[in-house]
Amino acid sequence: MAGLDEVLKKHPNLQILNNELLIRGFSLFKIAEEYGTPLYVVDGNLIVERYKEMRDAFLSENCNALIAYAYKANSLLAITKLLAKEGAGATVVSAYGIKLALLSGVENSKIVLVGPSKSYSDLTEAIKNNIGLINIESEQELVEINQIAEKMGNRMNIGIRVNLGLSAGAHPKIRTGGRKHKFGVDEKTAIKLYKYASKMKGVKPIALHAHIGSQITDLKVFQLEAQRLALLSSTIYKKHKLDVPVLDLGGGLGIPYTSNEERIPYKEFAKIVCKTINEVYENAGLQKPMIIVEPGRYLVADSTLLLMKVNYVKRIGRKTWILVDAGMNDFIRTAMYNAYHEIVPIIIRDKKEVYNIGGPVCESSDVFATNRELSEVKKDDLLALLDAGAYGISMSSTYNIRSRPAVVMLFNNKLYLIRERDTFEDIIKNDKTLPNS
Ligand code: LLP
């Protein structure tokens, strides 16, 4: 079990002063008092720092890359705007995702639309706004885009999402690249569709794309992915004399959720993929391609903690349960993927105890930790669940008629409310009742 020291070493924006956990010197107690709990607390500066780490990593490799932030990880407007201002692109999965990227200030040419089952309105929104790239996942989708684009008088850049039969990720539910998964098309079909697309008037094939999974911490997997995509594009060139000037590697780079894992410096990722791709292209006598990456988790996960209040502490048999005011509706990763997240009490006491930590939702999966050793916790204490910035608020719901939580952001030493807690009216506002009821 990780000691507090190791946890703090991995989170330099957190400190302990007089036995109290602080974030960049701010009292989490005071923040909770002012904004209530459950509450997500985002460190905006850390997100910017991560983005710059990525950008600089590609620059130092002399690698032309677009960092297209995967909005699904966290699509709060304050965050998408912060990243857009730094120059990030956006990877989105829906028409509203495109609207959000544009509203955030992302240039049309830096928006990438991905997804295995796009609707007619998703495609129309993309084509109407002439976004940078649509990654297609079937022949039918290619034909549909071509038809819509021709009608609108546009020519859309498209990529082909390839199912490389290469799958990785921390949990079966977040692996996407295997043959058994619904994503992409196989290599043979990809070559055929690339050629087919080159003859169409409404589309222009420019890219090959893959996204093999999420929370991947083995760089060799990305090297293999990069190599396979690059080799496929050299085959396309050899066979059909068609260039593939863009390779989109998707997202998936993991972070250390447990304190005995190490953070992978982005420099290492950039180095390995750029080198691998450039080598294959060079050997084939082709010009270096542009690289797109679609990071979600790596950019935002460690920026955020979920602050929750202890409603009760009780014993059942041999177990001591801490029952908190946050539930699986606020944060679903533990219930859904059995994910491990560090949890730190805001008041640190000398005595230690082993706890299970559960929420208010009436499901046995509504549990954030089991057999976790923490410093002693009492009723009305606060706890912080760490690394909650990716797939936290974005996967929250109003299940059990509970509000989705409020979110605050610390940025340049100031605290801002960036999402209000749902009110009762928010929760029921789209419901309609039957006549005479
Ligand atoms: N690009 C595509 C096409 C994706 O499907 C995803 C994530 C990403 C990029 C970003 O991947 P990342 O860099 O964040 O790993 N809810 C799960 C993760 C699901 C990921 C889905 N796709 C979780 O909480 O672990």
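This passage describes the ligand site, the enclosed cavities and the disulfide of the structure shown above. The model is a predicted one, in which local features need pLDDT of at least 70, side-chain atom pairs count only at pLDDT 80 or more, and totals for chains, interfaces and linings use all residues. Residues are numbered from 1 along each chain as its sequence is written, and side-chain values use heavy atoms, with hydrogens and water left out.

A good place to begin is the ligand. It is surrounded by 16 residues, of which Ser214, Glu294, Arg333, Tyr337 and Tyr391 come nearest; a residue is near a molecule if one of its heavy atoms lies within 4 Å of it. By class, this shell contains 7 nonpolar, 5 polar and 4 charged residues. Here Ala, Val, Leu, Ile, Met, Phe, Trp, Tyr, Cys and Pro count as nonpolar, Asp, Glu, Lys and Arg as charged, and the others, Gly among them, as polar.

Two oxygen contacts can be picked out: a polar side-chain atom of Ser214 lies 2.4 Å from an oxygen atom of the ligand, and a backbone N or O atom of Arg297 lies 2.8 Å from a ligand oxygen atom. Tyr337 instead places a polar side-chain atom 2.8 Å from a nitrogen atom of the ligand. Taken alone, the ligand exposes 580 Å², and the protein buries 93% of that (accessible areas come from the Shrake-Rupley method with a 1.4 Å probe).

The ligand sits in the largest pocket, meaning that more than half of its atoms lie within 2 Å of the pocket's grid points. On a 1 Å grid over the protein atoms alone, a pocket is an open set of points with protein on both sides within 12 Å along at least five of seven lines, whereas a cavity is a set where a 1.4 Å probe fits but cannot get out; lining residues have an atom within 4 Å of a point.

The count comes to 2 cavities of 30 Å³ or more. The largest has a volume of about 50 Å³, and its lining includes His11, Asp302 and Leu386. That lining divides into 5 nonpolar, 4 polar and 2 charged residues. The second largest cavity has a volume of about 40 Å³, with Arg161, Phe183 and His211 among its lining residues.

Finally, the structure holds 1 disulfide, a pair of cysteine sulfur atoms within 2.5 Å. Cys63 and Cys274 form this link, with their sulfur atoms 2.3 Å apart. With -105° about the S-S bond, the link is left-handed.

Definitions and conventions: Polar contact = N/O pair within 3.5 Å; in protein donor to acceptor, adjacent residues only side chain to side chain. Points joined across faces, edges and corners; volume = space filled by probe spheres on them.
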